[in-house]
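Work through these exercises with the model open beside you. Try each task before you read its solution.

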Amino acid sequence: MTSPIKQAGALFALALDVLRALPKRPFQTKEFIQQCWFIASVTIVPTALVSIPFGAVIALQLGTLTRQLGAQSFTGAASVLAVVREASPIVTALLIAGAGGSAICADLGSRKIREEIDAMEVLGISPIQRLVVPRVLAAMLVSLLLNGLVSVVGVAGGYFFNVVIQGGTPGAYLASFTALAQLADLWTSEIKAVLFGMVAAIVASYKGLTAGGGPKGVGDAVNQAVVITFMLLFVINFVVSAIYFQVVPQKV
């Protein structure tokens with residue numbers, strides 16, 4: 001019964017160590033740039049491809065619903081609100097955790113079983129400052145940028161499917177963008193994306209640094225990291241959304 005509690009405490013302790021190591025110098029600029037490029041290279045294309053059906057499904061569902069309610073003029077507003085506020089951060093989180101997080105965990109786990117991490121500690125080099133901090137910052141930055149990409153592609157996909165497939169009016173779709181959505185929705189979406197990227201990188205780093213048992217242990221650590229990250233991301237998404245609705249007044 002204490003093992004999950006101990007692991008949760010160790011994960012939280014790693015998160016605190018990462019926060020403490022952020023202002024320390026020298027900052028690993030080269031490692032940060034390499035990780036940004038690597039995470040972006042493995043997530044950009046899948047994210048763009050996944051965001052198209054997300055936007056299409058939202059547009060088709062909302063288009064049918066608004067037609068039944070006689071509120072076709074609000075289809076664009078509802079689609080943009082759903083894509084920007086909820087779909088974009090979720091898609092970004094799934095890809096960052098599934099592609100970027102698994103790669104981070106596998107990399108650190110392989111270093112761990114080859115005893116590179118132990119060698120760094122013997123030499124007085126902090127693995128957290130040298131390896132974990134650049135990966136966490138890279139995941140946060142890429143998540144922020146991917147969220148914007150998903151928002152644009154999702155809205156464009158929703159526009160295409162609503163106008164072309166369902167025969168909606170282009171002018172009404174575009175004119176209603178600001179009817180329900182507001183700038184605070186975009187800021188909330190970006191905050192979610194940054195938090196999701198940070199959580200995904202920290203969980204992946206923790207599972208990678210604690211991997212053991214050879215290659216099989218690394219594979220198990222990757223699977224556990226992805227599952228744990230998904231669970232935490234949905235909890236964080238609920239908490240942030242609840243706070244947002246309590247703090248930000250909604251348009252009526």
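**Exercise 1. The largest pocket**

How much space lies in the largest pocket? Then find which residues line the largest pocket and sort them by type.

Solution. Keep in mind that this is a predicted model.

Step 1. Take the volume. The largest pocket holds about 240 Å³ of space.

Step 2. List the lining. From the early part of the chain come Ala8, Leu11, Phe12, Ala15, Leu16 and Leu19. The list goes on with Met198, Val199, Ile202, Val203, Leu232 and Ile236.

Step 3. Assign helices. Helix H1 (2-21), helix H8 (183-209) and helix H9 (214-247) each supply at least two residues of this lining. H1 gives the most, with six residues.

Step 4. Sort by type. The lining has twelve nonpolar residues, no polar ones and no charged ones.

**Exercise 2. The overall layout**

How many helices and strands does the protein chain have, and what box do its C-alpha atoms fill?

Solution.

Step 1. Count the elements. There are nine helices and zero strands.

Step 2. Write their order. From the N terminus, the elements read α-α-α-α-α-α-α-α-α.

Step 3. Take the box. Along the principal axes, the C-alpha atoms fill roughly 70 × 40 × 35 Å.

**Exercise 3. Two helix pairs**

Are H2 and H5 roughly parallel or roughly antiparallel? Decide in the same way for H8 and H9.

Solution.

Step 1. Start with helix H2 (residues 29-69) and helix H5 (residues 127-165). Their axes come within 6 Å and cross at roughly 25 degrees.

Step 2. Apply the cut-off. Angles under 35 degrees count as roughly parallel. H2 and H5 are therefore roughly parallel to each other.

Step 3. Add the handedness and the contact. H2 and H5 cross in a right-handed way. Their contact has 23 nonpolar, nine polar and three charged residues.

Step 4. Turn to H8 and H9. Here the axes come within 9 Å and cross at roughly 155 degrees.

Step 5. Apply the other cut-off. Angles over 145 degrees count as roughly antiparallel. H8 and H9 are therefore roughly antiparallel to each other. The crossing of H8 with H9 is right-handed.

**Exercise 4. A salt bridge across the chain**

Which residue forms a salt bridge with Lys192? Where in the chain do the two residues lie?

Solution.

Step 1. Name the partner. Lys192 pairs with Glu86, and their closest N and O atoms are 3.3 Å apart.

Step 2. Place both residues. Lys192 is in helix H8, and Glu86 is in helix H3 (residues 75-113). The two are 106 residues apart, so this pair links distant parts of the chain.

Step 3. Set the pair in context. The structure holds eleven salt bridges.

**Exercise 5. Backbone exceptions**

Is the peptide bond from Arg25 to Pro26 cis or trans? Is phi of Glu115 positive or negative?

Solution.

Step 1. Recall the usual case. Most residues other than glycine have a negative phi, and most peptide bonds are trans.

Step 2. Check the peptide bond. From Arg25 to Pro26 the bond is cis, with omega near 5 degrees. Pro26 sits in the loop between H1 and H2.

Step 3. Check phi. Glu115 has a positive phi, near 65 degrees. Glu115 lies in the loop between H3 and helix H4 (116-122).

Technical notes:
Residues numbered from 1 in each chain as written. Predicted model: local features only at pLDDT ≥ 70, side-chain atom pairs only at ≥ 80, totals over all residues. Heavy atoms only, no water. 1 Å grid on protein atoms, 1.4 Å probe; cavity = no way out; pocket = protein on both sides within 12 Å on 5 of 7 lines; lining within 4 Å. Points joined across faces, edges and corners; volume = space filled by probe spheres on them. Helix = DSSP H or I, 4+ residues; strand = E, 2+ residues; numbered from the N terminus. Nonpolar A, V, L, I, M, F, W, Y, C, P; charged D, E, K, R; others polar. Axes fitted to C-alpha atoms, helices over the stretch in contact; angles between N-to-C directions. Parallel < 35°, antiparallel > 145°, perpendicular 65-115°, else oblique. Left-handed = near helix turned anticlockwise from the far one by under 90°. Salt bridge = Lys/Arg side-chain N within 4 Å of Asp/Glu carboxyl O.
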